[in-house]
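Subject: Structure for you, with notes on its cysteines

Hello,

Here is the structure I said I would pass on. My notes come after it.

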Amino acid sequence: MVDNRYATALVIGSVLSLLAAAYLSVAVGTQHWYQYNSPPGKREGMNASELRDEFISGEADGAYTNAMFRLNGSLGLWWRCILVPSQSHWYKQPDPKLEPECVSITLPQQFTPKYKYPGNPNGEEDLLRTYLWRCQFLLPLVSLALVFLSCLVGVCACQCRSFMPTVGVGLLHLLAGLCSLGTVCCFLAGVDLLHRYAQPPDGVESTLGWSLYLALVSFPLQMMAAALFLWAARSHRKTYSRITAYRVA
């Protein structure tokens with residue numbers, strides 16, 4: 001028999017876990033982790049079609065190219081996008097309609113070595129940024145896998161009518177939360193390292209996107225879920241031990 005307090009903690013922890021998994025899944029699949037905003041005056045005199053072709057044909061290491069800086073680019077874990085005019089001539093209309101042009105980052109490109117000077121494969125390899133880039137897309141997958149595994153453990157615990165596997169569920173959520181936090185840290189560290197070698201032009205503003213904030217929010221949700229699961233398992237064990245000792249006495 002489970003006390004109502006522990007049952008409530010399990011329900012709340014499960015809801016928090018589902019919310020964290022949903023937020024992290026949306027963050028991984030969207031491209032608004034980091035955004036660049038170029039004022040209209042900075043785009044004058046540029047050939048948008050050439051920048052677009054350079055952006056589409058570029059490698060994943062060249063995601064922070066001149067096109068992204070000057071065409072309001074945005075970057076995600078699996079996508080990179082720019083805003084291009086819907087018409088072929090950009091500056092013949094005062095306010096052209098802009099449409100997003102996105103390119104997916106393939107799995108082989110995720111493992112491509114990164115260089116200190118993006119776009120120059122003959123230059124020196126930046127090992128730190130290479131491994132940060134790989135960690136930033138592997139860690140969220142590991143986090144989601146841990147949450148899924150914890151769900152399986154929880155289902156098995158319900159079938160076995162045992163409260164002890166809840167400790168494992170809490171520990172898995174704790175590891176998942178650390179992986180979510182590591183994703184955000186690796187991404188921001190990689191962006192900071194890259195800007196040391198490929199700085200945006202003057203006047204171009206860079207901001208954090210809502211996708212990154214979703215991934216960041218998933219961290220405290222997973223940690224709170226882990227705390228609830230661990231508290232419920234530990235407290236229930238103490239209560240059960242006391243009841244058993246009382247009955248024996």
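Below is what I found, starting with the overall fold and then going through the cysteines and one serine.

Please keep in mind that this is a predicted model. The protein chain has seven helices and five strands. In sequence order, these elements run α-β-α-α-β-β-β-α-α-α-β-α. The chain has 249 residues, and 41% of them count as buried. If you take the contacts between residues at least 6 apart in sequence, 75% join residues at least 24 apart. The exposed area of the protein chain is about 13500 Å², with 62% of it supplied by carbon and sulfur atoms.

Disulfides

Searching the whole structure gave one disulfide. The partners are Cys81 and Cys102, and their sulfur atoms sit 2.0 Å apart. A disulfide is a covalent bond between the sulfur atoms of two cysteines. The torsion about the S-S bond of Cys81 and Cys102 is about 110°, so this disulfide is right-handed. Cys81 belongs to strand 3 (residues 79-85) and Cys102 to strand 4 (residues 98-104), so the bond ties together parts that are 21 residues apart in sequence.

Is each partner buried or partly exposed? Cys81 has a relative accessible area of 3%, and because buried means under 20%, Cys81 counts as buried. Cys102, at 31% relative accessibility, counts as partly exposed.

Cysteines outside the disulfide

Why is Cys179 not bonded to Cys135? The closest cysteine sulfur to that of Cys179 is in Cys135, but the distance is 10.0 Å, which is too far for a bond. Cys179 is buried, at 13% relative accessibility. Cys186 is in no disulfide either; the nearest cysteine sulfur to its own is again that of Cys135, 4.8 Å away. A disulfide needs the two sulfur atoms within 2.5 Å, so the 4.8 Å between Cys186 and Cys135 does not qualify. Cys186 is also buried, with a relative accessible area of 13%.

A buried serine

The last item is Ser218, which lies in helix 7 (residues 210-248). Its relative accessibility is 0%, so Ser218 counts as buried. Which residues does Ser218 touch, leaving aside its neighbours within four places in sequence? Ser218 is in contact with Ala20, Tyr23, Leu24 and Ser180.

Regards

Methods. Residues numbered from 1 in each chain as written. Predicted model: local features only at pLDDT ≥ 70, side-chain atom pairs only at ≥ 80, totals over all residues. Heavy atoms only, no water. Helix = DSSP H or I, 4+ residues; strand = E, 2+ residues; numbered from the N terminus. Buried < 20%, exposed > 50% of the residue type's maximum accessible area, 1.4 Å probe, protein only. Contact = heavy atoms within 4.5 Å. Areas by Shrake-Rupley, 256 points an atom, 1.4 Å probe, with all protein chains shown as cover.
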